[in-house]
Amino acid sequence: MLNDKIETVTKCLQKKIKSLQKRNTEQEKFIQEMLKNQTISENKTNAKLDEFLTELHEVNEFIKYQTESLSQKVEKCEDNNETILNNQEQIENKYNTLHDVSKDLEKLKKDFTDVSQMESSNKLNLEKFQNKFTDIDSKVATFSGDLDTIFQDIMTLKYPKLAESFCVDWDDSIESDVKSEEIVTRFNRFYNLDDSQQLHFDTQTGVYTAPCDGLYLICLMIENLSDYQVQFNVFSKYDEEFLSGICHVAQKNITTSTVIPITLKTGTTLYLKYEEDYNNLSLGPNSTFACVLIQKR
């Protein structure tokens, strides 16, 4: 009996031992699985932590950069603020000056009003003068042919004291803009006379130099083909420049001539200048500039 009980108890214990062993094996597997999952979770957590720390470092560097940039901008703002204050002071000073200028401007406006009234009156007088001048030009134009004939007759005289002369015509091969007070160089083609007689007129500069003291006769003829009035001024210069005569053509397709007797000393220069700036100045083939020595002294 006792042996049976012992055997029965032994079998029962063996079964429990096997059951405990099985349960223990399952718990070990479960624990290993948990440890594995925990390791994976820790690795993921560490990776995320490293990523977060990296981003945090980048953010920190960015904040540092922005802080430095803002500091520089603040310094610039302070400098600009100081500049603005200085400019404001200068503007206030200029405003005070401008206020004084405004007072002077009011005075100038009053003076300008008076000048404008005088200018209107002068314009009316100028128009009257231009009308009279046009009539004179028309009358002069009717005598231009006779004057040219007279000059040609003078050129052909065999006077024993006639030792010097020149005659040049206008170079009409080009049209160009010319400036006032500019010496005329477009009269550059010798005309009528033998070149050997025309020694003292420089066609490059447009300047004639008197070779001796004497009485000279100047003839200037202008045939105007431009759409505006033109005027050439005759100048002589020894010590000082002197206006010796003018030739004015009041309108297009009019020819005007001027004859000027003049006394010149040795070395005196003679030349032409334009009265105004002329755009695309055009003169006709009848335009000539000439001078002849009438009598030596």
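Select Glu276 to begin: in this predicted model, its relative accessibility is 44%, so Glu276 counts as partly exposed. You will find Glu276 in the loop that links β10 (269-274) with β11 (278-281). Now add Asp177, Glu182, Glu275 and Asp277 to the selection; together with Glu276, these residues form a surface patch of negative charge.

For a contrast in chemistry, move to helix α1 (residues 2-155) and pick out Met34, which has its place there. Met34 has a relative accessibility of 45% and therefore counts as partly exposed. Show Phe30, Ile31 and Leu35 as well: with Met34 they make a nonpolar surface patch of about 410 Å².

Next, return to β10 and bring up the sheet around it. Here five strands form an open sheet, with antiparallel pairing, in the order β4-β5-β10-β7-β8. At its edges lie β4 (201-202) and β8 (241-249), each of which pairs on one side only. Zoom in on β7 (residues 230-237), which runs antiparallel to β10 and is joined to it by six bridges. To look at one position in detail, select Ser236 and find Leu270 of β10 standing opposite.

Last stop: strand β9 (residues 254-264). Is this strand largely enclosed or open? Eight of its 11 residues are buried, so β9 is largely enclosed by the rest of the structure. Add strand β6 (residues 214-224) to see its partner: β6 and β9 pair over 11 bridges in the antiparallel sense. Finish by selecting Leu220 together with Thr258, its bridge partner in β9.

Note on methods: Residues numbered from 1 in each chain as written. Predicted model: local features only at pLDDT ≥ 70, side-chain atom pairs only at ≥ 80, totals over all residues. Heavy atoms only, no water. Buried < 20%, exposed > 50% of the residue type's maximum accessible area, 1.4 Å probe, protein only. Helix = DSSP H or I, 4+ residues; strand = E, 2+ residues; numbered from the N terminus. Pairing = 2+ DSSP bridges. Patch = residues over 30% accessible without salt bridge, like charges linked within 9 Å, V, L, I, M, F, W, Y side chains within 5 Å. Areas by Shrake-Rupley, 256 points an atom, 1.4 Å probe, with all protein chains shown as cover. Salt bridge = Lys/Arg side-chain N within 4 Å of Asp/Glu carboxyl O. Lys, Arg positive; Asp, Glu negative; His and termini not counted. Charge placed at Lys NZ, Arg CZ, Asp CG, Glu CD.
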